[in-house]
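Reader: I would like to learn how to read a fold feature by feature. Could you take me through one?

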Amino acid sequence: MSMSRQTLDHYLYEFDQGYRVSYVNFSRASDLTDAQLVLTLERGCERKSFAFAQPLFNDIDKNLVACRHLYIATIKSSPLSPNRVEVGDSEGNFVFFTARSVKNITPTA
């Protein structure tokens, strides 16, 4: 990766392996709504939920996200790859997908 590419990346969220994917819901696009992927990450009693609008699964099968031992490594944005979601598993594999937009939908107390 070139130095200029590294400086363009902007981390929106970054997680350690302690956060595990605990909930996945994928709704297909219709005439009225865009496709949407909702993920919940948990670590102990801490929970974070994100909605990804129009996810594009170029490098990952959407069914793989529902498997066990997966975690979201980072959600970052750059001019070349906006809203890139990097996904890892406990065996060291690493893939990504992109989305048109990312919203943190974690309820606040």
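Author: Happily; we will go through the sheet, the core, the aromatic rings, the salt bridges and two single residues. Keep in mind that this is a predicted model.

Reader: Let's begin with the sheet. In what order do the four strands of the open sheet lie?

Author: The order is β2-β3-β4-β8, and the pairing is antiparallel.

Reader: Which are the edge strands there?

Author: An edge strand pairs on one side only, and here that describes β2 and β8. As for twist, neighbouring strands of this sheet are turned against each other by 20° on average, with direction ignored.

Reader: How many bridges join β2 and β3?

Author: Seven bridges, in the antiparallel sense. To find one of them on your screen, start at Y23, whose bridge partner in β3 is T40.

Reader: Now the interior. How many residues does the largest nonpolar core have?

Author: That core has 16 residues. A good way in is through those with the most contacts inside it, which are F15, L41, F50, F52, I72, I75 and V85.

Reader: Which strands supply at least two residues each?

Author: They are β3 (36–43), β4 (46–53), β5 (70–77), β6 (84–89) and β7 (94–98). The strand that gives the most is β3, with three residues.

Reader: Could we look at one core residue in detail? Is F50 buried or exposed?

Author: Buried means under 20% relative accessible area. F50 has 1%, so it is buried.

Reader: And what is F50 in contact with, leaving aside neighbours within four places in sequence?

Author: The list covers several stretches of the chain: Y13 and F15, then L37, V38, L39 and L41, then I75, and finally V102, K103, N104 and I105.

Reader: Y13 is in that list. How should I read a pair of aromatic rings?

Author: Look at the distance of the centres and the angle of the planes, which together describe such a pair. There are two aromatic pairs here. In one of them, the rings of Y13 and F50 have centres 4.8 Å apart and planes at 65°, so the pair is edge-to-face. Y13 belongs to strand β1 (residues 10–14) and F50 to β4, so this pair ties together parts 37 residues apart in sequence.

Reader: Is Y13 buried or partly exposed?

Author: Y13 is partly exposed, at 28% relative accessibility, whereas F50 is buried. Ring pairs also bring in F52, making a cluster of Y13, F50 and F52.

Reader: On to charges. How many salt bridges does the structure hold?

Author: Four. For each one, check the distance between the nitrogen and oxygen atoms, then ask where the partners sit. D34 and R100 form a salt bridge whose closest N and O atoms are 2.9 Å apart.

Reader: Where do D34 and R100 sit in the chain?

Author: D34 is in the loop between β2 (20–27) and β3, while R100 is in the loop between β7 and β8 (101–104). The partners are 66 residues apart, and the bridge links distant parts of the chain. D34 itself is partly exposed, with a relative accessible area of 34%.

Reader: Which residues do shared salt-bridge partners join into one network?

Author: R43, E46 and K48. R43 pairs with E46, their closest N and O atoms being 3.0 Å apart, and K48 also meets E46, at 3.7 Å from N to O. On accessibility, R43 is partly exposed at 32%, E46 is partly exposed at 31%, and K48 is partly exposed at 24%.

Reader: What stands out in the backbone at Q54?

Author: When you scan phi values, note any positive one and check the residue type. Q54 has a positive phi of about 45°, although it is not a glycine. Q54 is in the loop between β4 and β5, and it is partly exposed at 31% relative accessibility.

Reader: One last residue: is R84 buried or exposed?

Author: R84, found in strand β6, is buried, with a relative accessible area of 17%. Leaving aside neighbours within four places in sequence, its contacts are T74, I75 and K76, together with F96, F97 and T98.

Terms used:
Residues are numbered from 1 along each chain as its sequence is written. This is a predicted model: local features need pLDDT of at least 70, side-chain atom pairs count only at pLDDT 80 or more; totals for chains, interfaces and linings use all residues. Side-chain values use heavy atoms; hydrogens and water are left out. A nonpolar core is a set of buried Ala, Val, Leu, Ile, Met, Phe, Trp, Tyr and Cys residues joined through side-chain atoms within 4.5 Å. Buried means under 20% relative accessible area, exposed over 50%, partly exposed in between (1.4 Å probe, protein chains only). Contact means heavy atoms within 4.5 Å. Rings of Phe, Tyr and Trp (its six-membered ring) pair if their centres lie within 6.5 Å; planes under 30 degrees apart count as stacked, over 60 as edge-to-face and the rest as tilted. A salt bridge is a side-chain nitrogen of Lys or Arg within 4 Å of a carboxyl oxygen of Asp or Glu. Two strands pair if DSSP finds at least two bridges between them. Axes are lines fitted to C-alpha atoms, for helices over the stretch in contact, and angles run from 0 to 180 degrees between N-to-C directions.
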